[in-house]
Amino acid sequence: YYRELALPHLIRFPQRIAQESVDPHPEGLDTWEPGSPVMDIEWTETLSRGPYVIPGVTTVQRLEGSSPGAQPERTPLDLFIGIDCSGSMGNPAQILSYPVVAGTVITLSALRAGARVMAGLSGEEPGRFCETDGFIRSEKGVMTILTNYLGTGYSFGIQRLKTAFLDVPEPPPRPVHILVVSDSDMFHMLDSHKDGWTIAEEAVKKAGGGGTFVLQIGKTACAKGVERMVSIGWDVHRVCNQEELVAFAR
């Protein structure tokens with residue numbers, strides 16, 4: 001249902017342009033050793049060496065190098081999308097959930113562009129959360145999370161960004177844009193959680209692809225909080241009601 005609602009609004013998902021692409025080119029042969037992927041065996045050359053295939057002796061694999069390509073390389077940003085699923089948010093199985101529609105528009109656009117997506121619902125603190133197992137390419141896996149429902153807590157938990165970006169040993173393999181959909185309770189979350197603002201600042205830096213808070217607040221409300229969000233590296237988009245989330249997603 002939500003996929004069908006989102007399809008007319010799909011967008012060209014942002015990409016980053018590298019200085020130049022690279023093209024593969026062959027650089028000869030090397031011995032294929034047992035334990036290496038079978039798909040790497042160059043069968044034509046292997047069978048030309050004799051009628052018997054002896055792993056590690058007659059088996060060979062193709063070596064490939066790379067050379068600068070003629071066109072710039074375009075790489076889509078990966079996406080982390082976190083949606084407030086606290087008690088103030090409706091169950092998408094019972095009422096039309098505009099946060100889910102907007103999330104589906106952006107998620108399907110990202111997957112279509114070749115990005116990987118990590119999706120999470122959070123109703124903290126205290127409360128519960130559910131999320132994909134890291135960044136995935138499965139539309140079904142992401143949509144299963146987006147259309148779930150928690151109804152606990154009061155806001156999206158900032159701890160989810162700590163777990164996804166700060167508690168992992170290595171930075172993301174390519175830039176990630178963080179998108180969090182919540183309301184004015186997000187400011188209370190950042191103020192009351194230990195190191196809440198620090199987590200938000202460090203997470204968006206480590207993600208490398210920018211971050212956006214989409215908040216259901218008035219045009220002039222929470223001015224100091226919004227100013228602080230911007231100062232630590234986030235974009236902030238205000239919506240007056242949930243219906244405006246679809247226009248934001250487009």
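**Helix 4, buried side.** I looked up what the buried residues of helix 4 pack against in this predicted model. They pack against helix 1 (2-6), strand 5 (78-84), helix 3, strand 6 (117-123) and strand 7 (128-131). The buried residues themselves are Val142, Met143, Ile145 and Leu146. Down the axis of helix 4 they fall within an arc of 155°, so I noted that they line one face of the helix. An α-helix has 3.6 residues a turn, so residues three or four places apart point the same way.

**Helix 4 with helix 3.** I then took up helix 3 as a partner of helix 4. Packed helices are described by the angle between their axes and the distance between the axes. For helix 3 (residues 98-112) and helix 4 (residues 139-146), the axes come within 11 Å and cross at roughly 165°. An angle over 145 degrees counts as roughly antiparallel, and helix 3 and helix 4 are therefore roughly antiparallel to each other. I entered the crossing of helix 3 past helix 4 as right-handed.

Which residues of helix 3 and helix 4 meet? From helix 3 I listed Val100, Gly103, Thr104, Thr107, Leu108 and Leu111; from helix 4, Glu139, Val142, Met143 and Leu146. By class, this contact holds six nonpolar, three polar and one charged residue. Val142, Met143 and Leu146 of helix 4 are on my list of buried residues and on my list of contacts with helix 3.

**Ser155.** Next I checked Ser155, in the loop between helix 4 and helix 5 (159-166). Is Ser155 buried or exposed? Its relative accessible area is 0%, so I entered Ser155 as buried. Leaving aside neighbours within four places in sequence, I found Ser155 in contact with Asp84, Ser86, Ser122, Gly123, Glu124, Ser182, Asp185, Met186 and Met189. I also looked up the separation of Ser155 and Thr59: they are 96 residues apart in sequence and 58 Å apart in space, C-alpha to C-alpha.

**Helix 6, buried side.** Two contacts of Ser155, Met186 and Met189, led me to helix 6, where both are among the buried residues. The buried residues of helix 6 are Met186, Phe187, Met189 and Leu190. Seen down the helix 6 axis, they fall within an arc of 155°, so they line one face of the helix. I recorded strand 8 (176-183), helix 7, strand 9 and helix 8 as the elements they pack against.

**Helix 6 with helix 8.** I looked up the geometry of this pair: the axes are 10 Å apart, at an angle of about 65°. Helix 6 passes helix 8 in a left-handed crossing. Helix 6 contributes Met186, Phe187, Leu190 and Asp191 to the contact, and helix 8 contributes Gly225, Val226, Arg228 and Met229. I entered the classes as five nonpolar, one polar and two charged residues.

**Positive phi.** Last, I noted two residues other than glycine with a positive phi. Asp195 has phi near 65° and is found in the loop between helix 6 (185-192) and helix 7 (196-207). Its relative accessibility is 44%, so Asp195 goes down as partly exposed. Cys222 has phi near 55° and is placed in the loop between strand 9 (208-216) and helix 8 (223-231). I entered Cys222 as partly exposed too, because its relative accessible area is 30%.

Conventions. Residues numbered from 1 in each chain as written. Predicted model: local features only at pLDDT ≥ 70, side-chain atom pairs only at ≥ 80, totals over all residues. Heavy atoms only, no water. Axes fitted to C-alpha atoms, helices over the stretch in contact; angles between N-to-C directions. Helix = DSSP H or I, 4+ residues; strand = E, 2+ residues; numbered from the N terminus. Parallel < 35°, antiparallel > 145°, perpendicular 65-115°, else oblique. Left-handed = near helix turned anticlockwise from the far one by under 90°. Contact = heavy atoms within 4.5 Å. Nonpolar A, V, L, I, M, F, W, Y, C, P; charged D, E, K, R; others polar. Buried < 20%, exposed > 50% of the residue type's maximum accessible area, 1.4 Å probe, protein only. Arc of directions from axis to C-beta.
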